[in-house]
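Colleague: I'm new to reading structures, and I'd love a close look at a single part of this one. Please pick one helix and take me through what its residues do, step by step.

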Amino acid sequence: MYLSSEKKQELFKNHGRLKSATDTGSPESQIALFSHRIKHLTEHLKSNKKDHSSRLGLLKLVGKRRSLLDYLHKNDIERYRSIIAELGIRK
């Protein structure tokens with residue numbers, strides 16, 4: 001699999017709110033995980049242009065990440081700005 005448990009723990013440790021490997025539920029850690037998966041699927045779709053089921057999954061992931069970003073923007077603007085800057089996500 002493209003995403004091992006060690007890589008997930010590293011993502012959670014680097015981007016989670018509590019900066020621990022077990023912080024899996026915070027919006028920041030979920031956004032980081034979705035961003036990693038989105039980058040992976042984008043690279044996959046560059047070489048497999050007719051894979052429409054993966055394209056649908058990519059669009060669903062982008063929507064989930066957008067809703068989490070909207071939640072952060074509504075509740076804590078500073079956390080929103082920091083995660084945008086860390087991951088380099090466009091607004």
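Modeller: Let's start with Lys-46, which is exposed because its relative accessible area is 51%, over the 50% cut-off for that word. Please keep in mind that the model we are viewing is a predicted one. Lys-46 forms a salt bridge with Glu-43, and their closest N and O atoms are 3.3 Å apart. Both residues lie in helix α2, 3 residues apart, or about one turn of the helix. That spacing is a handy thing to learn: an α-helix has 3.6 residues a turn, so residues three or four places apart point the same way.

Now for the helix as a whole. Helix α2 covers residues 27-47, which makes 21 residues. At 1.5 Å a residue it should span 30 Å, and its end C-alpha atoms are 31 Å apart, so the two values agree.

Next, look at what α2 hides. Its buried residues are Pro-27, Glu-28, Ser-29, Ile-31, Ala-32, Leu-33, Phe-34, Ser-35, Ile-38, Leu-41 and Leu-45. These buried residues pack against three other helices: α1 (5-15), α3 (52-75) and α4 (77-87).

Glu-28 deserves a moment of its own. Its relative accessible area is 5%, so Glu-28 is buried, the cut-off being under 20%. Glu-28 forms a salt bridge with Arg-79, with the closest N and O atoms 2.5 Å apart. This pair ties together distant parts of the chain, since Glu-28 sits in helix α2 and Arg-79 in helix α4, 51 residues apart. Arg-79 also counts as buried, because its relative accessibility is 17%.

Arg-79 has another partner, too. Asp-76 forms a salt bridge with Arg-79, the closest N and O atoms being 4.0 Å apart. Asp-76 has a relative accessibility of 26%, so it counts as partly exposed. Glu-28, Asp-76 and Arg-79 are thus linked in a network of salt bridges. The structure holds 5 salt bridges, including the ones described here.

Finally, step just outside the helix to Asp-23, in the loop between α1 and α2. Asp-23 is buried yet has no salt bridge, and the nearest side chain of opposite charge, Arg-17, is 7.2 Å away. The Asp-23 side chain does make a polar contact with the side chain of Ser-26, at 3.2 Å. Setting aside neighbours within four places in sequence, Asp-23 is in contact with Phe-12, Gly-16, Arg-17, Leu-18 and Ser-29. You have already met one of these, Ser-29, among the buried residues of α2.

How values were computed:
Residues numbered from 1 in each chain as written. Predicted model: local features only at pLDDT ≥ 70, side-chain atom pairs only at ≥ 80, totals over all residues. Heavy atoms only, no water. Helix = DSSP H or I, 4+ residues; strand = E, 2+ residues; numbered from the N terminus. Expected span 1.5 Å × (residues − 1). Buried < 20%, exposed > 50% of the residue type's maximum accessible area, 1.4 Å probe, protein only. Contact = heavy atoms within 4.5 Å. Lys, Arg positive; Asp, Glu negative; His and termini not counted. Polar contact = N/O pair within 3.5 Å; in protein donor to acceptor, adjacent residues only side chain to side chain.
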